[in-house]
Amino acid sequence: MQTNLASWARDTDLGKEADAILRRCVHCGFCTATCPTYQVLGDELDSPRGRIYLIKQVLEGAEPTQSTQQHLDRCLTCRNCETTCPSGVQYGHLVDIGRKIVEERVPRSWADKTKRTLLRKTMLSPLFAPAMRLGQAVRGMLPEALKRKVPEHRAAGPLPQVAGHARQVLMLAGCVQPAMMPTIDAATIRVLDAVGIGARIAPGAGCCGAASFHLDAQDDALAQMRANVDAWWPLLQDGKVEAIVMNASGCGAMVKEYAHHLRHDPAYAQKAADIVALVKDVAEIVAPHAAQLRARLQAGTRAAFHPPCTLQHWQGLRPLSEQLLADLGFALQPFADKHLCCGSAGAYSVLNPEIALELRDRKLGAIAAGGPDVILSANIGCIGHLQSGTDTPVRHWIEVVDEQLRQPAGQRNA
């Protein structure tokens with residue numbers, strides 16, 4: 001693709017990065033075949049190719065409008081298009097740049113800006129946890145739209161003493177997961193303990209930055225990234241911590257991009273790169289121990305695995321995760337369009353509920369054809385979003401492994 005960037009963009013870091021990405025695009029349109037929003041809306045401007053043209057026009061001097069902003073907002077940032085693209089276009093980075101530039105030039109309505117700000121601040125507030133507990137206590141009386149966002153309470157259960165393990169890893173504190181689904185972190189700690197690995201959360205670490213980054217607060221997101229680097233760095237210096245383990249693929253995808261986001265910060269660029277090298281999804285840590293665990297697990301559980309976009313398209317870990325689940329004894333049920341987004345996409349399901357619910361229902365319809373006993377995933381957003389539309393249990397796979405490990409031996413199938 002030929003480009004002719006405007007003078008205000010041509011010599012900036014963002015402009016140079018965007019120009020290099022744009023020039024890789026060959027207009028082939030393969031991306032439209034796997035774009036969820038294009039499949040739902042049928043509008044070229046709601047496809048990756050269309051959004052690329054919009055961003056190119058802005059960088060070449062065209063004045064963006066609220067329509068431009070809306071088309072960029074509607075992108076789920078699933079990066080399915082990157083998996084499909086034969087030219088290696090880094091669409092995810094390009095849409096980040098486009099959103100930032102358009103956000104600076106197109107004022108949002110008071111209602112839209114307030115909604116996005118409140119959503120971001122609510123997720124990061126210390127009041128989120130008590131509010132979630134209250135919501136769970138009165139869940140049956142909540143309006144349907146709110147009820148979808150409040151998962152049923154499940155107790156985390158007792159935690160083992162893990163300090164004595166020779167192998168140690170760090171976990172991300174996160175923002176909403178400890179309040180909404182504390183069983184995921186607890187199950188992770190117990191399963192890692194079962195294979196001889198101690199897991200702990202570093203004091204001072206918090207949200208990965210994704211919530212702020214995708215809700216018009218990229219500078220706040222960078223500050224959160226630096227805070228996590230500061231919290232982890234001292235604990236990594238003595239070499240006793242072998243990895244930073246992620247059990248929410250959305251967080252893992254974001255943290256694995258710290259080196260990219262902080263590459264122009266001389267105080268953090270190298271630290272971020274060193275940290276990214278240690279970031280592992282929990283499946284990557286558990287996989288070498290699958291045979292050891294399988295002997296203690298129930299065989300043949302009929303399960304459908306929904307690989308989150310941040311796991312399969314951002315990190316490329318769908319093959320490893322599916323092989324791990326098979327090695328652990330799950331009978332994985334195939335279903336159509338496994339590569340497509342379920343519609344959760346962080347805050348997307350709140351801001352674009354119609355599109356999100358249509359994608360959810362499409363996904364659940366495809367899964368239901370296989371008749372699974374449980375739907376497995378690897379990201380809290382997908383789990384909550386899918387559960388809101390089905391009576392079939394939706395769990396993080398680590399939760400199901402943990403539940404089976406804690407069952408008395410006589411209750412497991414041989």
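What is the volume of the second largest cavity? In this predicted model, the answer is about 70 Å³. Let us use that space as a way in, and then move on to the other openings and to the helices around them.

The second largest cavity has a lining of 14 residues, and those nearest its centre are C35, P36, P48, C75 and C78. If you colour the lining by class, you will find eight nonpolar residues, four polar ones and two charged ones. Three helices each contribute at least two residues to this lining: helix 3 (36-41), helix 4 and helix 6.

Where does one go from here? The structure holds two cavities of 30 Å³ or more, and the largest cavity contains about 150 Å³ of space. Its wall is made by 17 residues, with C25, C31, I52, C85 and V89 lying nearest the centre. Sorted by class, the lining of the largest cavity comprises 12 nonpolar, three polar and two charged residues. Helix 4, which spans 48-59, and helix 6, which spans 80-84, each supply at least two residues of this lining. The largest share, three residues, comes from helix 4. Helix 4 and helix 6 have thus turned up in the linings of the largest cavity and of the second largest cavity.

Helix 4 is a good element to follow next. Its axis comes within 10 Å of the axis of helix 7 (residues 91-105), and the two cross at roughly 45°. Helix 4 is therefore oblique to helix 7. The crossing in which helix 4 passes helix 7 is left-handed. On the helix 4 side, the contact is made by P48, R51, I52, I55, V58 and L59, while helix 7 brings Y91, L94, V95, G98 and I101. By class, the residues of this contact are nine nonpolar, one polar and one charged. Two of the names should look familiar: I52 is among the residues nearest the centre of the largest cavity, and P48 is among those nearest the centre of the second largest cavity.

Helix 7 now leads us to an open feature. The second largest pocket has a volume of about 330 Å³. It is lined by 18 residues, and L14, Q218, L222, H261 and R263 are the closest to its centre. Helix 7 supplies at least two residues of the lining, as do helix 2 (13-22), helix 14 (218-236) and helix 16 (258-261). Which classes of residue make up this lining? Here there are five nonpolar, five polar and eight charged residues.

From the pocket, helix 14 takes us to the last stop of the tour. Helix 14 packs against helix 17 (residues 269-276) at an angle of about 65°, and their axes are 11 Å apart. The pair is therefore described as roughly perpendicular. Like the earlier pair, this one has a left-handed crossing, with helix 14 passing helix 17. To see the contact itself, look for V229, W232, W233 and L236 in helix 14, which meet K271, D274 and I275 in helix 17. The residues of this contact divide into five nonpolar, no polar and two charged.

Conventions. Residues are numbered from 1 along each chain as its sequence is written. This is a predicted model: local features need pLDDT of at least 70, side-chain atom pairs count only at pLDDT 80 or more; totals for chains, interfaces and linings use all residues. Side-chain values use heavy atoms; hydrogens and water are left out. On a 1 Å grid over the protein atoms alone, a cavity is a set of points where a 1.4 Å probe fits but cannot get out, and a pocket is an open set with protein on both sides within 12 Å along at least five of seven lines; lining residues have an atom within 4 Å of a point. Grid points are joined across faces, edges and corners, and a volume is the space filled by probe spheres set on the points. Helices (H or I, at least four residues) and strands (E, at least two) are DSSP runs, numbered from the N terminus. Ala, Val, Leu, Ile, Met, Phe, Trp, Tyr, Cys and Pro count as nonpolar, Asp, Glu, Lys and Arg as charged, and the others, Gly among them, as polar. Axes are lines fitted to C-alpha atoms, for helices over the stretch in contact, and angles run from 0 to 180 degrees between N-to-C directions. Angles under 35 degrees count as roughly parallel, over 145 as roughly antiparallel, 65 to 115 as roughly perpendicular and the rest as oblique. A crossing is left-handed if the near helix is turned anticlockwise from the far one by less than a right angle, and right-handed if clockwise. Contact means heavy atoms within 4.5 Å.
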